[in-house]
Amino acid sequence: MRHILILLVVAVAMSAVAMPVEPDTVATRKKVAVVLSGGGAFGAIHVGALKVLEETGIPVDMVVGTSMGSIVGAFYSVGYNSEDIAAMFRSMDWTELFLDREEPSRLTLNEREEQNTYILDRDFYVRGSIDPQPGGAIRGHNVERAFAYYLQGHTDSVDFLRDLPRQFACVATDLVEDEEVDLTHGRLVKCMRSSMSIPGVFAPVRMGEQVLVDGGAKNNFAADLARRLGADIVIGVRFDLQLDSKSKYRTLMDIMERSAGSDISRRARDNEKYCDLVIRVPVRGYTSGSFTRNAIDTLINRGETATRAKIDSIMILKALAGVKPEVDYGMHLRRIGDLSHMDVTDGGLINPHKDNTIRASVGLRFDTEDLVAAQMKGRYYMGGKCNKELNLTLRLGLRSMIKLGFEMEPWKWKKMGVSYELWYKNIDIHTKAKRSGNLSMLYQKANAKLLAVEARNFDFEIGLGWEHYHLFSELWNENNETEYDRNEHYFNYHARVCYNNEDRQYFSRRGVKAEASYAYYTDNMAGWRGHRGCSAVAAMLQATFSLADGTQLRPSVQGRFLFGEDLPVMLSNAAGGVRFGKFYPQQMPLAGVGNVEYFDSKFVSASLRLQQRISGRHYVIADATVAENDDELKKLFDRKPIWGARVGYYFDSGFAGPLGLSLGWSSHTHRLNVFLTVGYDF
């Protein structure tokens with residue numbers, strides 16, 4: 001019977017073929033609207049549904065969306081097709097989008113380092129009652145920037161029902177009046193952002209007197225709005241949790257999503273009466289936060305499968321709409337590839353800090369050397385004529401530290417400042433992988449930054465410093481080869497220059513990083529122990545190249561050279577581990593050497609890293625290093641070189657930093673080293 005009805009309806013529609021063909025307008029046929037529900041990652045189902053609708057040839061004149069449905073709907077309304085939107089879903093780094101991390105190229109080098117240290121930042125005003133980070137843990141800057149990129153040419157204030165290729169509307173919730181707000185005009189990016197602003201997670205969007213949050217709080221399936229805007233035929237697409245019996249409420253997420261959205265679900269079911277066709281897509285096994293590549297692909301496929309099951313009904317609606325067979329109703333006005341040469345960012349350095357604002361930051365990490373560590377930092381941006389800043393840093397762990405600093409910017413990009421830091425360090429010393437002793441020490445450092453220049457990818461500093469080491473205890477065994485002074489202090493004059501245009505601090509895909517420094521050490525501002533002072537020259541250079549998508553090669557070279565008589569022990573070249581400056585400021589990484597060890601006064605190494613992304617945020621990294629050291633520069637390469645290797649698996653969590661496990665071995669230690677790390681380095 002169903003097939004007979006289809007044939008009758010199609011025959012009626014085909015009877016108009018003999019008439020003269022007129023340009024297609026909605027006025028000559030019925031207006032078709034597609035309604036897309038909210039649901040976070042569940043919004044991927046809409047992409048699969050749109051793909052099938054495109055294949056059937058049914059026109060889509062209007063899209064009405066809520067939350068993630070508004071994002072898909074806006075992209076579709078400006079002329080992207082389902083294939084382009086699917087590519088967006090797969091290529092977007094959703095973790096980065098949902099954080100407030102700035103693009104590295106828009107930050108100074110110091111700000112980049114801090115961004116890759118702390119997992120939580122929060123701003124507070126010192127004066128006044130206005131919260132600089134109002135109503136949400138996430139400001140949403142990256143989301144808006146991504147929307148603006150894909151919606152180039154449609155970022156000004158427009159009428160969504162008149163000025164877009166397809167009519168568009170989305171739903172938000174006004175916290176002031178506790179009412180649904182139907183958005184049909186304004187700035188498209190802001191409207192999308194307001195429709196998806198989950199209360200408490202994203203900061204609300206303020207439009208005039210309205211304070212807007214996620215439209216799902218009032219109307220997560222706005223089929224009634226589509227009817228009010230004049231749609232004759234309404235096709236609705238919504239997710240189905242498939243939790244209709246008590247036996248299916250097994251997980252905490254099942255219970256939370258259903259209990260939090262019970263009223264919303266009831267409204268959505270009521271709104272189904274406004275639809276000519278409802279396509280329910282099962283999402284069992286996933287949550288609204290399932291933004292992994294595999295989850296997105298599966299949800300897109302489920303949307304496609306559920307829509308194909310309704311294809312007979314879609315064809316009936318197509319015929320009822322008065323579709324002309326000879327007219328192509330497809331609309332592919334924009335292609336994602338056309339955006340590759342465009343840039344919607346201003347490309348300049350940013351200064352997001354407001355006067356009289358305090359920023360509090362917290363960082364956490366764990367590794368097999370340092371165990372558990374926490375770091376907290378408070379910065380008071382006083383502002384004023386010289387853009388003054390006061391900061392306090394506290395670190396807790398085997399290496400505990402307190403640091404107080406003051407900076408000012410008398411000229412643009414040029415800074416001056418002073419700082420003092422006090423450390424308590426407990427360090428195991430190794431000699432060729434054998435534990436030779438333990439140092440328990442108090443370390444003080446004062447620094448006067450006479451001039452620092454901070455520009456894009458560039459940092460230069462000259463200054464004066466004072467350092468003091470006091471050893472509380474020394475525990476040594478037969479492997480010890482070093483003599484220590486209980487107290488050791490010195491003044492220094494130093495200069496340092498850095499360049500870094502890497503796209504990421506961890507898992508870089510391209511860019512160059514270079515650093516060079518010089519320091520002159522004395523005990524009386526002029527000489528060292530009755531003769532000329534000691535000098536330390538250090539440099540490093542590394543470059544990252546992409547061999548293929550997901551495959552990077554990073555060669556690097558580094559070295560540190562000490563010159564002078566009776567060199568201070570605490571200035572000795574130290575190497576080992578996976579990063580610079582972990583236990584000593586001068587410590588250099590050395591693949592395969594797991595613990596910090598002392599080397600001769602002239603030290604140089606070359607490394608090669610192969611980085612392979614295996615899927616999503618999962619990486620395999622292999623490092624190989626060769627190193628030379630000696631006390632005489634002319635004999636630096638006379639010895640048999642030290643070589644080492646390390647291979648590891650890493651996961652880029654985005655929010656909390658990298659998680660990794662690596663294995664290393666070197667000709668210096670002749671011992672397998674296992675290193676586990678969780679979180680950002682600090």
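# Working through a predicted model

The protein exposes about 31700 Å², and carbon and sulfur atoms supply 58% of that area. Keep in mind that this is a predicted model. Here are some exercises to try on it.

**Exercise 1. Get the overall picture: how many helices and strands are there, and what share of the residues is buried?**

Step 1. Start with the secondary structure, which comes to 13 helices and 33 strands.
Step 2. Next, burial: of the 682 residues in the protein, 50% are buried.
Step 3. Finish with contacts. Take those with a separation of 6 or more; residues 24 or more positions apart account for 64% of them.

**Exercise 2. Place Glu304: which helix holds it, and is it buried or exposed?**

Step 1. Find the element: Glu304 sits in helix α12, which covers residues 293-308.
Step 2. Check the accessibility. Buried means under 20% relative accessible area, and Glu304 has 15%, so it counts as buried.
Step 3. List the neighbours. Leaving out residues up to four places away in sequence, Glu304 touches Gly48, Ala49, Lys51 and Val52.

**Exercise 3. Look at the salt bridge between Glu461 and Arg496: which parts of the chain does it tie together?**

Step 1. Grab the distance: the two side chains meet at 3.3 Å, N to O.
Step 2. Locate both ends. Glu461 belongs to strand β20 (residues 458-476) and Arg496 to strand β21 (residues 487-500), so the pair ties together parts 35 residues apart in sequence.
Step 3. Compare the surroundings. Glu461 is buried at 10% relative accessibility, while Arg496, at 23%, counts as partly exposed.

**Exercise 4. Now do the pair Arg613 and Asp549: where does each residue lie?**

Step 1. The side chains of Arg613 and Asp549 form a salt bridge, at 3.8 Å from N to O.
Step 2. Arg613 is in strand β29 (residues 602-615), whereas Asp549 is in the loop between β25 (534-548) and β26 (551-563); the pair therefore ties together parts 64 residues apart in sequence.
Step 3. On accessibility, Arg613 is partly exposed, with a relative accessible area of 30%. Asp549 comes out at 72%, which makes it exposed.

**Exercise 5. Try Arg617 and Asp652, then widen the view: how many salt bridges does a search of the whole structure find?**

Step 1. Arg617 and Asp652 meet through their side chains in a salt bridge of 3.3 Å, N to O.
Step 2. Arg617 lies in the loop between β29 and β30 (618-630) and Asp652 in strand β31 (residues 642-652), so this pair ties together parts that are 35 residues apart in sequence.
Step 3. Arg617 is buried, with a relative accessible area of 15%, and Asp652 is buried too, at 12%.
Step 4. Some salt bridges share partners: Arg365, Asp367, Glu369, Arg579, Lys582 and Asp681 are joined that way into one network.
Step 5. The whole-structure search finds 43 salt bridges.

**Exercise 6. Why does Cys170 form no bond with Cys191?**

Step 1. Recall the cut-off: a disulfide needs two cysteine sulfur atoms within 2.5 Å.
Step 2. Apply it. The closest cysteine sulfur to that of Cys170 is in Cys191, 5.2 Å away, which is too far for a bond.
Step 3. Check the total: the search of the whole structure finds zero disulfides.
Step 4. Add the burial values. Cys170 counts as buried at 0% relative accessibility, and Cys534 counts as buried at 1%.

Notes
Residues are numbered from 1 along each chain as its sequence is written. This is a predicted model: local features need pLDDT of at least 70, side-chain atom pairs count only at pLDDT 80 or more; totals for chains, interfaces and linings use all residues. Side-chain values use heavy atoms; hydrogens and water are left out. Helices (H or I, at least four residues) and strands (E, at least two) are DSSP runs, numbered from the N terminus. Buried means under 20% relative accessible area, exposed over 50%, partly exposed in between (1.4 Å probe, protein chains only). Contact means heavy atoms within 4.5 Å. A salt bridge is a side-chain nitrogen of Lys or Arg within 4 Å of a carboxyl oxygen of Asp or Glu. Accessible areas come from the Shrake-Rupley method with a 1.4 Å probe; for residues, only the protein chains shown count as cover.
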